[in-house]
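Q: Hey, I'm new to this one and just opened it. Can you walk me through it?
A: Sure, let me put it up first.

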2 protein chains.
Amino acid sequence: MAIAELTDAERDEALGELTDWTLRDDGKAIHRSFKFKDFNEAFGFMTRVAITADKQDHHPEWSNVYNRVEITLTTHDCDGLSERDVKLARFIDGIV
Amino acid sequence: MAIAELTDAERDEALGELTDWTLRDDGKAIHRSFKFKDFNEAFGFMTRVAITADKQDHHPEWSNVYNRVEITLTTHDCDGLSERDVKLARFIDGIV
């Protein structure tokens, strides 16, 4: 089954909830930056996200430098934002 | 104790051994790209690197998108390449 891109109304509703996330200029992705105490804490966080992401079969685009993590969520199958991004963003928000 | 930047001769010798790594244009960092079977394998690799990096107290700058991992190694304390980068690169090469 194809993954549907969020409608403008659905996207606005999701962003109203995910207040720490920023919509990319092209409207096709959301981004959030994280800062932790040190590398160990940052990678521990990444590991929790990785396990859940792999279970959801929906993976972040992310980078890490020491205690900082940058995460971008987008859905390639629909070339934009989908419910999968919202679900993963909610999980991430729940563990930080 | 301050971490010494590699001399030009030491750097050339290291790069002669680390043939899969590319020296950045400014000479201050090395980079290697990795491609795995899937996210699970890519993040398993990252986890092995993370544990060793944290033990060595020398951390990579890296990003991951699904089965791809990009790693840059540099030593901020000496604003360039040091023996720490060579050591971590050798470990990484040993597990891929």
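A: One term before the tour: two strands count as paired if DSSP finds at least two bridges between them. And keep in mind that this is a predicted model.

Q: Okay, which order do the eight strands take in the open sheet?
A: The order is β1(A)-β2(A)-β4(A)-β3(A)-β3(B)-β4(B)-β2(B)-β1(B), with antiparallel pairing.

Q: Which strands stand at the edges?
A: β1 (22-23) of chain A and β1 (22-23) of chain B do. Each has a single partner strand, so one side of each is left without a neighbour in the sheet.

Q: What joins β1(B) to β2 in chain B?
A: Two bridges, and β1(B) runs antiparallel to β2(B), which covers residues 30-35. If you want a spot to click on, Thr22(B) is opposite His31(B) in β2(B).

Q: Now the place where the chains meet. How many bridges pair β3 of chain A with β3(B)?
A: Five, in the antiparallel sense; the chain A strand is residues 61-65. Look for Trp62(A), which faces Asn64(B) in β3(B).

Q: And how much area is buried between the chains?
A: About 1400 Å², with carbon and sulfur atoms giving 68% of that. In chain B, the residues that lose the most area to chain A are Phe39(B), Phe43(B) and Trp62(B), together 38% of what that side buries.

Q: How many residues does each chain put into the contact?
A: Chain B gives 15 residues and chain A gives 15 residues.

Q: Which elements give two or more residues on the chain B side?
A: α2 (39-56) and β3 (61-65) of chain B. α2(B) gives the most, with seven residues. By class, that side of chain B has eight nonpolar, five polar and two charged residues.

Q: How many salt bridges are there between chain B and chain A?
A: Zero. There are four residue pairs in polar contact across the interface, though.

Q: Let's switch to helices. What does α2(B) touch in the sheet?
A: α2(B) packs on the sheet against β3 of chain A, plus β2, β3 and β4 (68-73) of chain B. Its direction makes about 165° with that of β3(B).

Q: What about α3 in chain A, where does that lie?
A: Helix α3 of chain A, residues 83-95, lies across β2 (30-35) and β4 (68-73) of chain A. It runs at about 155° to β4(A).

Q: While we're on β4(A), how many bridges pair it with β2(A)?
A: Six, antiparallel. In that pair, Lys35(A) sits opposite Arg68(A) in β4(A).

Q: And with β3(A), how many?
A: Five bridges, again in the antiparallel sense. Asn64(A) has Val69(A) in β4(A) as its bridge partner.

Q: Last one: how many residues sit between β3(A) and β4(A) in the hairpin?
A: Two. Check Tyr66(A) in that turn, since it has a positive phi of about 50°.

Key. Residues are numbered from 1 along each chain as its sequence is written. Chains are lettered from A and ligands numbered from 1 in the order in which they are written. This is a predicted model: local features need pLDDT of at least 70, side-chain atom pairs count only at pLDDT 80 or more; totals for chains, interfaces and linings use all residues. Side-chain values use heavy atoms; hydrogens and water are left out. Contact means heavy atoms within 4.5 Å. Buried area is the accessible area (1.4 Å probe) that two parts lose on being put together, summed over both. A salt bridge is a side-chain nitrogen of Lys or Arg within 4 Å of a carboxyl oxygen of Asp or Glu. A polar contact is a pair of N or O atoms within 3.5 Å; within protein, one must be able to donate a hydrogen and the other to accept it, and residues adjacent in sequence count only if both atoms are side-chain atoms. Helices (H or I, at least four residues) and strands (E, at least two) are DSSP runs, numbered from the N terminus. Ala, Val, Leu, Ile, Met, Phe, Trp, Tyr, Cys and Pro count as nonpolar, Asp, Glu, Lys and Arg as charged, and the others, Gly among them, as polar. Axes are lines fitted to C-alpha atoms, for helices over the stretch in contact, and angles run from 0 to 180 degrees between N-to-C directions.
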